[in-house]
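Please work through the following exercises with the sequence and the model at hand. Each task is followed by a solution in steps.

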Amino acid sequence: MKQYLYLSIFFFMMLLPASGYGQIVTPSLDPGLVSESPSAVSWRFGSTFGMETAFGNQKDEETKTRKIGSYPNSGYGGVIAIQPSHVTGELSYKADEIRYDPVYSIDSNGETSFVLQKVNASYGRFQLAIRGENKYSVGVGLYRLTEEIGDQTVDKSSYTGSFGFRFLDNLFMSAGLEQGQTDAEGFDRLKWQIFFSGVAVQMGDPTSNMMRLEGSIKTSPKESTENSDKQTYNHKRFQEYQGSFELLWSEFLFSAMYKKKDTESAQDEIKDSSHEKTRFGLGYRTIGVSIMLYGSRSIDRCDETENETDEIQLTFSYSYI
Amino acid sequence: MKKNIIFWKKLWVCLYLLLGVTPLVNAQVAMPSLNITSPVVSAAAAAWNKISYGTASYYESSGDRILDDKEIYKYDSNGISSTVLLSEESFHIGGSYQSRNSTVKLDRYYDGEIPLEESTTKAYLALLLDGFAAIGVGGYNFEEKRYFDQTHKSVKTKQSAISGSTSILFLENFYVGLQADRVKQKRDNVVDNSWMDLTYGLAALFGEKEGTQIRVEYSITNSPRSEESSWKDEESNIHHKTTISRGALELKFKGLLFSGRTKQTVVKRDFTCSDTQESADKLKRVETEGSVMWVPQKGLMLGFSFIKDTTDYVYKDDHNAFKLNVGYLF
């Protein structure tokens, strides 16, 4: 029991300066979704081949006018997870994710306004984890992302290391660090770090009834770089909180997730912004074929402005143990 | 109960002595690290191992050089390293290999050296004597390419050494180690040079292998200044006085290992940058590594390390690296 006590103390010491998010501790019960932390991959139930696609639309609260075309493609992707023994590898890819990020400014009346900036992103992620004694997990991850923002191309890459452990059979804890860099045309290299940690409870049997509850937090300090014209490019300071609840009842899976991200403004005259996302999902899930349908609503806020995004996401996967 | 009190007393005395001297430190002079992907410094330290293993690591790093508050270079580096140890009762044979290649993006060269390529190969033999002392012999070969100045843009250096070392166990948990290295250096366009490095280390290990273990170690290497005068058309060669201090603090819960290590290198060397007219009399490099890995008694291991490597001189180099570690224990 002593080692659990020491581990708990160590974990909470890490939690204090850090924080985290999402499927940080355990993977979703929907095998078609990608884990957000490498050590979480260890707790998958078998191997999986999956794919997903998503569609969305955006409008601002003030005019209720759709700023962009109805239901543009917001990406398609795939995941392959192989779990031959206590080692698990997960490879995922997402292409053509089109989203419209709000860019805030102050107009001539001194009021906050925003424009939606089109971003076309493609990214790949590889995660490898090892599980020890069915209680400990250590994982590593590699992430590559390319974003086209207007005529500018931004390349991001990062490495993630995380660890987790399980005690009292059902309680899971995890913490980790993502260390990355952004190369934007014309700017010096921007290096950044994201700390994350979380706690999860998972009870039941994945072949019949199961419940999963997870809370996590993620934080990143501000970093900035500039070009020869003294223009700055920022990695903004943020904190993200996420909670998820999933219930597998026989062969039906219900999923609920809430996420809130508070981002510090890079300019004094502009207020801090926030992004809130609520997602519900329902579907058929077996050790075999799984099909899940998710609906989500996100709201971006800054001062008095609000921008709303609705999205529908579909996942299909085949798993085996 | 009394045994427990003595254990904790010993632990606190050890932590106080070791961590009070410097911040965190790393070394494998007196005993081997619990992180088997890290090559031993002294051959004798390896004799305390009771396992055979092979490991491989890959790492990537990115960094920059700041001179006068301006980024003048961008670095991208990658490298591999490997360690192997075969243990047969009290006899141990092992080795390691490390290499690093860097690409440098720049608009123009400024004063100051730039490391471009480096590799180190090490081999050693170690013998454990009656469970209380160990002796070891070994050697290493270090090669590097380095930008020196506008007329020496890629200078090759070869450095080799033969080493003798010993390590002694006392008070059940404490280890003291000593190593002497006879070093020879060959560098393009300069005369050969040689000198003797001396390394001392103190370490402690508490706990059971199957349960919780804590290991601390501190070591220091003194490398004296050595100058060889010019000869014929070859220039003189100066090895500047160098002090390396290393420390480690490691915690292992069954197979889950948390390892923190620091290595600080101080080179006494005067340098004035002609671009800024700033000068410094010593170079200080600090490498800090934090690792988490799963290291079972036998079987596959996996882990990762985050490394921060900074150099303070007239300029400042700053590298961040990520290392993937895999291995197998027999």
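**Exercise 1. Determine how many residues each chain brings to the contact between chain B and chain A, and describe the area buried there.**

Step 1. With contact taken as heavy atoms within 4.5 Å, chain B contributes 29 residues and chain A contributes 29 residues.

Step 2. About 2,700 Å² is buried between the two chains, and carbon and sulfur atoms give 67% of this area. Buried area here is the accessible area (1.4 Å probe) that two parts lose on being put together, summed over both.

Step 3. On the side of chain B, the residues that lose the most area to chain A are B:W294, B:L302 and B:F306, together 23% of what that side buries.

Step 4. Three salt bridges are found across this interface, each being a side-chain nitrogen of Lys or Arg within 4 Å of a carboxyl oxygen of Asp or Glu. A:E133 and B:K254 form a salt bridge through their side chains, with 3.9 Å from N to O.

The model is predicted: local features need pLDDT of at least 70, side-chain atom pairs count only at pLDDT 80 or more, and totals for chains, interfaces and linings use all residues. Residues are numbered from 1 along each chain as its sequence is written, chains are lettered from A and ligands numbered from 1 in the order in which they are written, and side-chain values use heavy atoms, with hydrogens and water left out.

**Exercise 2. Identify the residues with the most contacts inside the largest nonpolar core.**

Step 1. A nonpolar core is a set of buried Ala, Val, Leu, Ile, Met, Phe, Trp, Tyr and Cys residues joined through side-chain atoms within 4.5 Å. Buried means under 20% relative accessible area, exposed over 50%, and partly exposed in between (1.4 Å probe, protein chains only).

Step 2. The largest such core holds 24 residues, and B:M31, B:Y53, B:Y124, B:Y175 and B:L329 have the most contacts inside it. Two or more residues come from each of β4 (114–129) and β8 (193–207) of chain B; strands (E, at least two residues) and helices (H or I, at least four) are DSSP runs, numbered from the N terminus.

Step 3. Beyond its neighbours within four places in sequence, B:Y175 has contacts that include B:M31, B:W48, B:F170 and B:L205.

Step 4. A separate second core has 22 residues, among them A:A175, B:L256, B:W294 and B:F304.

**Exercise 3. Find which residues have a ring with a charged end over it.**

Step 1. The criterion is NZ of Lys or CZ of Arg within 6 Å of the ring centre and within 35 degrees of the ring normal.

Step 2. In chain A, A:Y294 has the charged end of A:R279 over its ring, 4.5 Å from the centre. In chain B, B:R108 lies over the face of B:Y110, 4.0 Å from the ring centre.

**Exercise 4. Locate A:D169 and B:E89 and state whether each is buried or exposed.**

Step 1. A:D169 belongs to the loop between β6 (152–167) and β7 (171–184) of chain A. Its phi is near 65°, a positive value in a residue other than glycine.

Step 2. A:D169 counts as exposed because its relative accessibility is 61%.

Step 3. B:E89 is placed in the loop between β2 (70–88) and β3 (91–106) of chain B. Phi of B:E89, a residue other than glycine, is positive, near 55°.

Step 4. B:E89 counts as exposed because its relative accessibility is 75%.
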